[in-house]
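This report covers backbone outliers, helix packing, salt bridges and one core residue. Have the sequence and the model open side by side.

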Amino acid sequence: MKVIVLGAGVVGVSTAWYLAEAGHSVTVIDRAADSAMETSFANAGQLSYGYTSPWAAPGIPEKAAKWMLKAHSPLIFRPDGSLYQLRWLSQMLANCTTERYHENKERMVRISEYSREMLRRLEAAEGIAFEGRQHGTLQIFRHDYELAAAQKDIAVLEEYGVPYRLLSNPQQCLDYEPALKHIAPKLAGALHLPNDGTGDCHLFTRNLTELCRSKGVAFEFGQSIGRIEHNDKQITAVYAGGRRFEAERYVCALGSFSRPVLADLGLDLPVYPVKGYSLTIPITDPDASPVSTVLDETYKVALTRFDNRIRVGGMAELSGYKIKLDPKRRETLELVVNDLYPNGGDLSKASFWSGLRPMTPDSTPIIGATRFDNLFTNTGHGTLGWTMALGSGKLAADLVSGTSPEIRYDDLGMARYTR
């Protein structure tokens, strides 16, 4: 069967890989010059299987109000002039209940744990390189109230069988991150998640692209997607770069741009672009750098170790599709890395980046069929696209192929928003 995948980020390429594995003829279309050139290019680098949590959670509205008063707030809200932004926010707030949090958490953990298993299988079969590390995540708390609040997360971790270790003695943090010695007196404690990993999402996606090519997948880069032709029941063609592309089935994996592209089909995808920022810093002293990933709960910033670089990423800015490298956001990232790892890297040589995370109101991706018989979606992964990519890709490929998936999927599609 001939299948077209729209989007060459980590989710789209992962989908293409599993479709090719299933024996289909696959074409991937993307406007960029290569794969993983937008949201997948310079994300925080976390494989956050244990830290998989919805943004919409009990207490978030109150926290958000306090965050926005801070000089270095993890949350920035700027009206984009659209009613959709307000509607999306309203939907997200409606998910900030205990019942919906647990429901959404279960969905997300299901996909993340499946994705972890898919990565294990892929590494065993192909030996794919991506500067990966398997030393876990250390979530540090600067205040006692943050440490106390972690008990709620621990209850959820226990419910889903996710391994963890709570460190109420700050000195215990040094067992995992020795370079934090200078800041240990400022810490209230930490939570260690040993099953989490790290890696360069861009490198992974580029290498997976080559594996896809080895299986015959065609990549059409530099092709901006325009009109999607249909007969009201099926998609008949996609126009991109002035060309007409036909297939038997189609998968939309366009991240934040899935919504505007599919809007002309009458599909109202609840995906909003939540902007994030990162710095990539060359390491000057490996012993003064992170061992794996450190999450600073106060600033909601992650610091991840690659082979010779430190990736510092975070913040959530709701301001529409326009990408602007705001120097204030860079100041926040520099503040955190200077506080935690002041001698680890050369900030004067850091590269500053911003990307759009495709977020749904319930933080769960939209994977599955649409009202068109041959159109499927695999989008809306928010901050966890890298974490969930392989599991989502395998699930989407199974659904396209008509194969029985290995995990439950009935609550992951658009139907939950159209009830």
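Met315 sits in strand S17. Helices (H or I, at least four residues) and strands (E, at least two) are DSSP runs, numbered from the N terminus. This is a predicted model, in which local features need pLDDT of at least 70 and side-chain atom pairs count only at pLDDT 80 or more, while totals for chains, interfaces and linings use all residues. Residues are numbered from 1 along each chain as its sequence is written, and side-chain values use heavy atoms, with hydrogens and water left out.

## Positive phi

Met315 is not a glycine, yet has a positive phi of about 75°. Its relative accessible area is 4%, so Met315 is buried. Buried means under 20% relative accessible area, exposed means over 50%, and partly exposed lies in between (1.4 Å probe, protein chains only).

Ala36 also has a positive phi, about 55°, and is not a glycine. This residue lies in the loop between strand S2 (25-29) and strand S3 (46-47). Ala36 is buried, at 2% relative accessible area.

## Helix packing

Two packed helices are described by the angle between their axes and the distance between the axes. Here axes are lines fitted to C-alpha atoms, for helices over the stretch in contact, and angles run from 0 to 180 degrees between N-to-C directions.

Take helix H1 (residues 10-21) and helix H6 (residues 201-214). Their axes come within 9 Å and cross at roughly 25°. That angle makes H1 roughly parallel to H6. Angles under 35 degrees count as roughly parallel, over 145 as roughly antiparallel, 65 to 115 as roughly perpendicular, and the rest as oblique. The crossing of H1 past H6 is left-handed. Left-handed means that the near helix is turned anticlockwise from the far one by less than a right angle; right-handed means clockwise.

Which residues make the contact between H1 and H6? H1 supplies Val10, Val13, Ser14, Ala16 and Trp17. H6 supplies Cys201, Phe204, Thr205, Leu208, Thr209, Leu211 and Cys212. Contact means heavy atoms within 4.5 Å. By class, nine of the residues are nonpolar, three are polar and none is charged. Ala, Val, Leu, Ile, Met, Phe, Trp, Tyr, Cys and Pro count as nonpolar, Asp, Glu, Lys and Arg as charged, and the others, Gly among them, as polar.

Now turn to H4 and helix H5 (residues 144-159). Their axes come within 11 Å and cross at roughly 50°. That makes H4 oblique to H5. H4 passes H5 in a right-handed crossing. Tyr101, His102 and Lys105 of H4 meet Asp153, Val156 and Glu159 of H5. The contact of H4 with H5 has two nonpolar, one polar and three charged residues.

## Salt bridges

Side chains of opposite charge can pair when their charged atoms come close. A salt bridge is a side-chain nitrogen of Lys or Arg within 4 Å of a carboxyl oxygen of Asp or Glu. By this rule there are 34 salt bridges. Three of them are tabulated.

| Acid | Base | N to O distance |
|---|---|---|
| Glu317 | Arg78 | 3.1 Å |
| Glu117 | Arg120 | 2.6 Å |
| Glu210 | Arg213 | 2.7 Å |

Glu317 and Arg78 meet in a salt bridge. They link distant parts of the chain, 239 residues apart: Glu317 is in strand S17 (residues 309-318), and Arg78 is in the loop between strand S4 (75-77) and helix H3 (83-94). Glu317 is buried, at 3% relative accessibility. Arg78 is partly exposed, at 36%.

Glu117 and Arg120 are three residues apart in helix H4 (residues 98-126), so about one helical turn separates them. Glu117 is partly exposed, at 26%. Arg120 is partly exposed too, at 48%.

Glu210 and Arg213 are also three residues apart, in helix H6, and again about one helical turn separates them. Glu210 is partly exposed, at 45%. Arg213 is partly exposed, at 36%.

Shared partners join some salt bridges into one network of Glu103, Glu106, Arg107, Arg110, Asp362, Arg408, Asp410, Asp411 and Arg416.

## Leu262

Is Leu262 buried or exposed? At 0% relative accessibility, Leu262 counts as buried. This residue belongs to helix H7 (residues 258-263). Not counting residues up to four places away in sequence, Leu262 touches Ile228, Cys252, Leu267, Leu269, Leu375 and Thr377. Leu262 and Val3 are 259 residues apart in sequence and 17 Å apart in space, C-alpha to C-alpha.
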